[in-house]
Amino acid sequence: MAEARPCARQPPSWADLPADLAGRVLRFLPACVDRACFAAVCPQWRAAARQLPLPPPLPLLALPDGTFYSLPYGKSFRFPGFGCAGYKTAACGSWLVFSRDDGCFLVDPFVGATVTLPPLSQVKLRPPNAVAKYVNVPVPGQDAHVSVFYPYATWMHIKESKKMPTLNKLILCSPNLVAAFAGSTLNGCGCTSQILVCQPESSSWSVRANDKCKLFQDMAFYQGKLYALADDENLLIINISQDPSTGNPQISRIGQVIKGDPWESASMPDNWYSADMLQDTMGKKKLYLVESCGALLMVRRKVCCSVAGEAAVSGQCEFEVFKADLERSRWVNVTSLGDDQMIFLGRSCSRAVTASQYGMPGDQIFFLDDVMENCKYSFHEETTSVSVYDMRTGEVSSPLPMIWKHEMILATWLFP
């Protein structure tokens, strides 16, 4: 009987999963967390996850307290062995930005890489003898004068203000060029900024000290050139040269390539209606620059707010998209992103991705409840942290439940 008993066989090991099958499994895992769990099973699967050509995972949602969310899940996680709390904004996809008095640095939490940047206290002026200019203006009806900027606010006025400059936007354009918006609130006129540039690991930023500060909304490095977008929808090109004494980057000229529409208030959508008509409505706008399918797009987000007394509460959002026609110096309205395109839109970092690689529908805009100093309003309690706008239908949906409190307004996309 013992001889007739079949020989016991070892069950197949999951570590022996063929590489082609492992790749097929990984392609069905667009979430960063799922891929990390796959790679944690065994060394063979970890090698497959590293070596196989895969589309990038869906972006993560990063919060200032160091927690992250991996779409499409609503459960938070942290990077093991690395503290990500305290970042100020996000830069160029996978980098988080930490700004301190003694310096700034970029951190890539996926690989643990760090890039050091100069502190905002170290800014090289061009010209070096620039000074802040003021003029005394009489106060109507009073025997007094007030000192105001002359002829407009410049970096020198930001430097002399009581508030330390803050980084409002930063992008890593290339291994040798970092660009940033830095500014502060001057005379209650919103966050007035100036453009700074530097080289990673250098000792100082560079700024055109006498240029007019603007309410910059966004910035993009497109086809090897740096562009900035102001709140008046003017598109500016920033020409970069080298400092002959140090070789560091400096701004040689800022020119206007598209004249925008000085749009002040959004028209209300047709279905925006106040039930009792006792509240007024007003429109706020936010502007974003993002590259998609080789084109530079301006996304205009219209936030319809209800106004009761002095409080403005955000309501419905609508989006308009315009393509930069640089040859004719104009914005061209486009009604679709394309059937296979979706945009992840954020104040600090935006990116367009191909939808089909994730098995998701295209022509959608994922956006955050981000707030700028130039767009002050509060939120309804039911407002969610992440929403999706469908370009075809104009409808807004919420793929994730509420995952952060409204005062945590610095959430950003992080692109592995």
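## A hairpin of strands 9 and 10

Strand 9 covers residues 134–138, and strand 10 covers residues 145–149. The two strands run antiparallel. Five bridges join them. One facing pair is easy to find: tyrosine 134 in strand 9 stands opposite phenylalanine 149 in strand 10.

These strands form a hairpin with six residues between them. In this hairpin, glycine 141 takes a positive phi near 75°. Keep in mind throughout that this is a predicted model.

## The whole protein

The protein has 416 residues, and buried residues make up 48% of them. Strands are plentiful in the count of elements: there are 28, along with four helices.

How much of the contact network joins residues at least 24 apart? Take the contacts between residues at least 6 apart in sequence; 52% of these join residues at least 24 apart. The accessible surface comes to about 21100 Å². Carbon and sulfur atoms account for 52% of that surface.

## A five-stranded sheet

Five strands build an open sheet with mixed pairing. Their order is 24-23-25-26-27. Which strands stand at the edges? They are strand 24 (351–354) and strand 27 (396–397). Each has a single partner strand, so one side of each is left without a neighbour in the sheet.

Strand 23 (residues 341–345) shows the mixed pairing well. With strand 25 (residues 364–368), strand 23 runs parallel, and four bridges join the two. With strand 24, strand 23 pairs in the antiparallel sense, over four bridges. Strand 23 and strand 24 also form a hairpin, with five residues between them.

Isoleucine 343 has a bridge partner in each of these two strands. In strand 25, the partner of isoleucine 343 is isoleucine 365. In strand 24, the partner of isoleucine 343 is alanine 352.

## A four-stranded sheet

Another open sheet has four strands, in the order 3-2-1-28. Its pairing is antiparallel. Strand 3 (76–77) and strand 28 (412–414) are the edge strands; each has a single partner strand, so one side of each lacks a neighbour in the sheet.

Strand 2 and strand 3 are joined over two bridges, in the antiparallel sense. Here phenylalanine 68 stands opposite phenylalanine 77 in strand 3.

## The buried side of helix 2

Helix 2 spans residues 32–39. Its buried residues are Cys32, Asp34, Arg35, Phe38 and Ala39. Why do they lie on the same side of helix 2? They cover an arc of only 160° around the axis, which puts them on one side together.

What do these residues pack against? Two of the elements are helices: helix 1 (19–27) and helix 3 (43–51). The others are strand 1 (60–62) and strand 2 (68–70). Strands 1 and 2 also belong to the four-stranded sheet.

## Nonpolar cores

The largest nonpolar core has 28 residues. Those with the most contacts inside this core are Leu106, Leu117, Trp155, Leu167, Leu170, Leu196 and Trp205.

A second core is separate and has 19 residues. Among them are Cys349, Tyr358, Val386 and Val388.

## Serine 202 and glutamine 242

Serine 202 sits in the loop between strand 13 (191–198) and strand 14 (205–208). Is serine 202 buried or exposed? The cut-off for buried is under 20% relative accessible area. Serine 202 has 17% relative accessibility, so this residue counts as buried. Its side chain reaches the backbone oxygen of glutamine 199 at 2.5 Å. Leaving aside residues up to four places away in sequence, serine 202 touches Pro118 and Asn248.

Glutamine 242 lies in strand 17 (residues 235–242). Exposed means over 50%. Glutamine 242 has 58% relative accessibility, so this residue counts as exposed. The side chain of glutamine 242 reaches the backbone oxygen of glycine 247 at 3.4 Å. Again leaving aside residues up to four places away in sequence, glutamine 242 touches Gly247, Asn248 and Gln250. Asn248 is thus a contact of serine 202 and of glutamine 242.

Serine 252 is 10 residues from glutamine 242 along the chain. The C-alpha atoms of the two residues are separated by 8.6 Å.

Note on methods. Residues are numbered from 1 along each chain as its sequence is written. This is a predicted model: local features need pLDDT of at least 70, side-chain atom pairs count only at pLDDT 80 or more; totals for chains, interfaces and linings use all residues. Side-chain values use heavy atoms; hydrogens and water are left out. Buried means under 20% relative accessible area, exposed over 50%, partly exposed in between (1.4 Å probe, protein chains only). Contact means heavy atoms within 4.5 Å. Accessible areas come from the Shrake-Rupley method with a 1.4 Å probe; for residues, only the protein chains shown count as cover. Two strands pair if DSSP finds at least two bridges between them. The arc is that of the directions from the helix axis to the C-beta atoms. A polar contact is a pair of N or O atoms within 3.5 Å; within protein, one must be able to donate a hydrogen and the other to accept it, and residues adjacent in sequence count only if both atoms are side-chain atoms. A nonpolar core is a set of buried Ala, Val, Leu, Ile, Met, Phe, Trp, Tyr and Cys residues joined through side-chain atoms within 4.5 Å.
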